[in-house]
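Student: I should like to work through the structure shown below. May we take it step by step, reasoning towards each answer?

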Amino acid sequence: MSFSQPARSEVMQFLDKKILGYVKEFLRPIDENWQPADLLPNASMENFFEEVKRLQERARELSYDLVAVLIGDTITEEALPSYESWIHTVKGVHEADRESGWRTWTRHWTAEENRHGDVLNRYLYLTGRINMREMEASTQYLIADGFDTQIGDDPYRTFIYTSFQELATNISHRRVASIAKKQGDSLLAKICGQVAADEARHAKAYITFIRHIFEIDPNEAILAFEDMMRKKIVMPAHFMREIGVEIGKTFAHFTDAAQRLGVYTATDYVDILRQLLKEWDIEGLPQLKDSGEKAREYLLQLPARLERIAERIKTPQLEYKFRWILS
């Protein structure tokens, strides 16, 4: 396929059949996939209360910041309706028919992601450490408030964003798993490890989608990448709040806790950018116009600039008391 400058819709239509194949490559068959019930105490079993007691004993040893980060991650995962509805508005997805590759991918990706919020929510409920009503209100707020990625309906920017975000959530869940294991909660470590593995597969998928777009429309793709990085990648839960708290303020406290723990830091942001520059071979990308060359120069210089900024960021020490946590 060769276009002098293909329209976004043409590129998306051309890639549609490939995407249909990637559903099987990057997502697991539903009847073979893990489900929350596989990982948590089963209420139909005689030893259910014993299992819950053991779960609560382990959960009591988890640090305050780790519980706060876990809750924030859970709320982020449970705002999935916002993310699905956003992707369905994207050019090339919105116009496609129900059985198209893009529509099929979005439905199946959403279905696989939906398990994450379910398993984490159920675990938190069973710990007995959480004010569930406060947490549930924050989830409802986040879905009601929505989020603004400054992307609009552009598929290039959308899938650059999802590539970045899936890598970020993989890091976050993987680090929570590691810390939970060190703090003696092997069950939470296993849960977060399973979630992280899903996110890693999803990241590979979105990175692959964008790699194809770079092959077809390199100049427009690199301009989209540059624009996303100039604006900065905002986290999907950046409007997170508690009851009675101004929009976005709770998210700031959540990210402070993540920074203190080393779950997700400014350095991770830079590392993800470096990984994407390598994955998409930005340095070796051919057929760029002058505008694309300027974008390439900006992107290749950006990690070093961001790294210098990250080195100056001080880890916040003040531990915020979330309304979500009882103890």
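Student: In this predicted model, at what angle do helix α3 and helix α6 pack, and are they roughly parallel or roughly perpendicular?
Tutor: Helix α3 covers residues 48-59 and helix α6 covers residues 101-127, and their axes lie 8 Å apart. The packing angle is about 90°. Angles from 65 to 115 degrees count as roughly perpendicular, so α3 is, relative to α6, roughly perpendicular.

Student: Which class of residue is absent from the contact of α3 with α6?
Tutor: On the α3 side are F48, V52, L55, Q56 and A59, which meet Y123, L126 and T127 of α6. By class, this contact has six nonpolar and two polar residues. The class with no residues there is charged.

Student: What span should helix α10 have, and how far apart are its end C-alpha atoms?
Tutor: Helix α10 runs over residues 218-231, which gives 14 residues. At 1.5 Å a residue, the expected span is 20 Å. This agrees with the distance between its end C-alpha atoms, which is 20 Å.

Student: How many residues of α10 are buried, and which helices do they pack against?
Tutor: α10 is mostly covered, with 11 of its 14 residues buried. Among them are I222, F225 and M229. The buried residues pack against α1, α8, α9, α12 and α13.

Student: Is D65 buried or exposed?
Tutor: D65 belongs to helix α4, residues 64-78. Beyond residues up to four places away in sequence, D65 touches A257, R260, L261 and E319. Its relative accessibility is 9%, and buried means under 20%, so D65 counts as buried.

Terms used. Residues are numbered from 1 along each chain as its sequence is written. This is a predicted model: local features need pLDDT of at least 70, side-chain atom pairs count only at pLDDT 80 or more; totals for chains, interfaces and linings use all residues. Side-chain values use heavy atoms; hydrogens and water are left out. Axes are lines fitted to C-alpha atoms, for helices over the stretch in contact, and angles run from 0 to 180 degrees between N-to-C directions. Helices (H or I, at least four residues) and strands (E, at least two) are DSSP runs, numbered from the N terminus. Angles under 35 degrees count as roughly parallel, over 145 as roughly antiparallel, 65 to 115 as roughly perpendicular and the rest as oblique. Contact means heavy atoms within 4.5 Å. Ala, Val, Leu, Ile, Met, Phe, Trp, Tyr, Cys and Pro count as nonpolar, Asp, Glu, Lys and Arg as charged, and the others, Gly among them, as polar. The expected span of a helix is 1.5 Å times one less than its number of residues. Buried means under 20% relative accessible area, exposed over 50%, partly exposed in between (1.4 Å probe, protein chains only).
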